[in-house]
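User: I'm new to this protein and would like to get to know it step by step. Could you take some questions while we look at it together?

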Amino acid sequence: MKASKALNSDGIPSFIQKEVKDELCEPLAILFQISFEQCKFPTSWKLSHVTPIFKGKGKRTDPENYRPISLTSPFLKIMKRVILEKLNSHLELNNFISDHQHGFCKSRSTVSQLVVIHDYIQSTLDCGIPIDVMLIDLLKAFNRISLRKLIHCLEINGIKGQLRNWLSAYLNDRKIAVKVVDTLSTWTDATSGVREGSVLGPVLFVMYIDICINAISQTYFGLFADDTKLLGEASASSQIQSDLDALTEKLEEWQLSPNLAKCSVVHLGRQKSNLLIQNERYRPDKIYL
């Protein structure tokens with residue numbers, strides 16, 4: 001915990017909490033145990049101060065150009081790290097997360113994704129086969145996660161019993177307020193989404209996305225969180241189209257949608273590509289156009 005960290009929803013400065021950390025260990029352990037057994041939380045654990053941070057591009061007057069940063073109770077973060085350790089162990093032991101996922105996974109990163117994608121592209125081009133690459137990005141994916149479907153996703157991944165109940169209680173009945181300098185908005189219910197920079201948010205998000213990408217069955221792909229790359233031989237348009245249709249349908253079922261402004265197609269190879277927006281091979285009503 002950084003002593004200079006901004007004041008959180010508990011209202012207790014970080015440097016004070018650090019000074020009394022030894023005295024807090026035992027009462028926190030008791031509190032964590034009660035919270036897990038009864039699936040209940042102190043009121044402050046359900047509150048988040050959201051600070052909008054400018055992304056550095058676009059107009060400052062446009063709310064879309066700001067990234068929300070949530071400040072929550074540091075005590076809840078400690079408990080969530082304990083939960084995260086058990087959750088990751090369960091997912092790794094049972095291979096619930098796709099091998100194609102490189103986001104928020106142990107020993108994986110943007111570099112590891114780049115290596116496997118580059119290897120596929122290079123080996124295919126070396127055989128003289130042109131490739132079409134579909135770049136798919138989702139619109140505000142973290143914020144649009146359906147909590148009801150996320151709980152169902154936990155059950156699909158074998159997370160049941162008390163842990164499932166605790167996570168359900170943690171995800172529901174949360175409240176947020178926007179804080180700008182010293183001004184705080186009124187509190188409102190957080191009815192969807194998981195926090196992108198939180199302790200549990202990334203792993204919950206990856207589980208959710210994994211359900212959707214299971215719709216891809218014929219085309220090679222790689223992804224980092226929700227940023228998906230579909231790669232296929234340019235001649236295999238029917239397979240690519242079939243997987244894109246299936247993925248689109250699955251995304252809609254799970255209440256997600258593509259960010260059309262960031263979706264695109266890249267053709268690789270010496271042969272001239274006949275991939276056009278108007279071309280019937282890749283219909284313009286689909287996400288990648």
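User: Which residues does D210 touch, leaving out those up to four places away in sequence?

Analyst: Happy to help, and please keep in mind that this is a predicted model. D210 is found in helix α7, which covers residues 201-213. Leaving out residues up to four places away in sequence, the residues that D210 touches are F96, I97 and S98.

User: Which backbone atom does the side chain of D210 reach?

Analyst: D210 is buried yet has no salt bridge. The nearest side chain of opposite charge, R108, is 9.2 Å away, while a salt bridge needs the nitrogen and oxygen within 4 Å. At 2.9 Å, the side chain of D210 reaches the backbone nitrogen of S98.

User: Where is I97 found, and how far apart are the C-alpha atoms of I97 and M207?

Analyst: I97 is found in the loop between α3 and α4, and with a relative accessible area of 18% it is buried. Among the residues that I97 touches are L91, C105, V206, M207 and D210. Although I97 and M207 are 110 residues apart in sequence, their C-alpha atoms are separated in space by 6.7 Å.

User: Helix α3 comes before that loop. How far apart are its end C-alpha atoms?

Analyst: Helix α3 runs over residues 74-93, which makes 20 residues. At 1.5 Å a residue, α3 should span 28 Å. The model agrees with that expectation, as the end C-alpha atoms of α3 are 29 Å apart.

User: What is found at the start of α3 and just after it?

Analyst: At the start of α3, a side-chain oxygen of S73 comes to within 3.2 Å of the backbone nitrogen of F75. Just after α3, the residue to look at is N95, with a positive phi of about 50 degrees.

User: Which elements are included in what covers the buried residues of α3?

Analyst: The buried residues of α3 include F75, L76, I83, L84, L87 and L91. K77 and K80 are also among the buried residues of α3. What covers the buried residues of this helix includes α1, α2, α6 and α7.

User: Which element gives the largest share of the largest nonpolar core?

Analyst: The largest nonpolar core has 56 residues, and those with the most contacts inside it are W166, L200 and L204. Elements giving two or more residues to this core include α2, α3, α6 and α8. The largest share, 10 residues, comes from α7.

User: Which residues is L200 in contact with, leaving aside its neighbours within four places in sequence?

Analyst: L200 is one of the residues with the most contacts inside the largest core. On the α3 side of the list, you can look for K80, which is one of the buried residues of that helix. Leaving aside neighbours within four places in sequence, L200 is in contact with K80, I83, L84, L87, W166, L167 and Y170.

User: Where does S198 lie, and which backbone atoms lie by its side chain?

Analyst: S198 lies in the loop between β6 and α7 and is buried, with a relative accessible area of 15%. The side chain of S198 reaches the backbone oxygen of R195 at 2.8 Å. A polar atom of that side chain also lies 2.9 Å from the backbone nitrogen of G201.

User: Why does the salt bridge of E64 and K140 tie together parts that are far along the chain, and how many residues apart are they?

Analyst: The side chains of E64 and K140 meet with N and O 2.8 Å apart. E64 lies in the loop between β1 and β2, and K140 in the loop between β3 and α5, so the pair ties together parts of the chain. E64 is partly exposed at 45% relative accessible area, and K140 is partly exposed at 40%. In sequence, the parts they tie together are 76 residues apart.

User: How many salt bridges are there, and how far apart in α8 are K250 and E253?

Analyst: The count comes to four salt bridges. One of them joins E155 and R164 at 3.1 Å, N to O. Another joins K250 and E253, with the closest N and O atoms 3.8 Å apart. K250 and E253 are three residues apart in helix α8, a separation of about one helical turn.

Technical notes: Residues numbered from 1 in each chain as written. Predicted model: local features only at pLDDT ≥ 70, side-chain atom pairs only at ≥ 80, totals over all residues. Heavy atoms only, no water. Helix = DSSP H or I, 4+ residues; strand = E, 2+ residues; numbered from the N terminus. Buried < 20%, exposed > 50% of the residue type's maximum accessible area, 1.4 Å probe, protein only. Lys, Arg positive; Asp, Glu negative; His and termini not counted. Polar contact = N/O pair within 3.5 Å; in protein donor to acceptor, adjacent residues only side chain to side chain. Contact = heavy atoms within 4.5 Å. Expected span 1.5 Å × (residues − 1). Core = buried A, V, L, I, M, F, W, Y, C linked by side-chain atoms within 4.5 Å.
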